[in-house]
Amino acid sequence: MPECENCGDFVTEQYVRVFAPPEMATVRVCPNCPDMIRENGGVREAQSPRK
């Protein structure tokens, strides 16, 4: 099962297909990551805590 590289949370294979770069087998950041977000095709640190 794929896991988020940042927080280790479970992600579906469909989510990986949509949001991971073609050369990666998993995502760098998922919607559950409290400290990182996806933006403009990249990953950056969140400016405020997310819940």
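Which residues make up the largest nonpolar core? I looked this up before anything else, and found Cys-4, Val-11, Tyr-15, Val-16, Ala-20, Val-27, Val-29, Cys-30 and Cys-33, 9 residues in all. A nonpolar core here is a set of buried Ala, Val, Leu, Ile, Met, Phe, Trp, Tyr and Cys residues joined through side-chain atoms within 4.5 Å, and buried means under 20% relative accessible area, with exposed over 50% and partly exposed in between, for a 1.4 Å probe and protein chains only.

I note that this is a predicted model, in which local features need pLDDT of at least 70 and side-chain atom pairs count only at pLDDT 80 or more, while totals for chains, interfaces and linings use all residues. Residues are numbered from 1 along each chain as its sequence is written, and side-chain values use heavy atoms, with hydrogens and water left out.

**Entry on the whole chain**

I read the secondary structure as 1 helix and 2 strands, in the order α-β-β from the N terminus on; helices (H or I, at least four residues) and strands (E, at least two) are DSSP runs, numbered from the N terminus. I then checked the radius of gyration, taken over C-alpha atoms, against the globule rule of 2.2 Å times the number of residues to the power 0.38: the chain has 10 Å, which agrees with the value near 10 Å for a compact globule of 51 residues. Along the principal axes, the C-alpha atoms fill a box of roughly 30 × 20 × 15 Å.

Buried residues make up 27% of the 51 residues. Among contacts (heavy atoms within 4.5 Å) with a separation of 6 or more, I find that 14% join residues 24 or more positions apart.

**Entry on the core and the loop**

I followed Tyr-15, a member of the largest nonpolar core, and leaving out residues up to four places away in sequence I saw that Tyr-15 touches Ala-20, Val-27, Val-29, Cys-30, Pro-31 and Arg-38. Cys-33, another member of that core, lies in the loop between α1 (13-19) and β1 (36-39). Is Cys-33 buried or exposed? I put Cys-33 down as buried, because its relative accessible area is 1%. Cys-33 and Ala-46 are 13 residues apart in sequence, and their C-alpha atoms are 9.4 Å apart in space.

**Entry on the strands**

I found Arg-38 in strand β1, where it counts as partly exposed because its relative accessibility is 39%. Not counting residues up to four places away in sequence, Arg-38 touches Tyr-15, Phe-19 and Val-29. Its C-alpha atom is separated by 8.7 Å from that of Arg-28, 10 residues apart along the chain.

Arg-44 lies in strand β2 (residues 42-45), and I recorded Arg-44 as partly exposed, since its relative accessible area is 25%. Which residues is Arg-44 in contact with, leaving aside its neighbours within four places in sequence? I noted Asp-35, Met-36, Ile-37 and Glu-39. Ala-25, in turn, is 19 residues from Arg-44 in sequence and 20 Å from it in space, C-alpha to C-alpha.

**Entry on the segment after β2**

My last look was at Ser-48, which is found in the segment after β2 and is partly exposed, with a relative accessible area of 45%. Ser-48 and Arg-38 are 10 residues apart in sequence and 14 Å apart in space, C-alpha to C-alpha.
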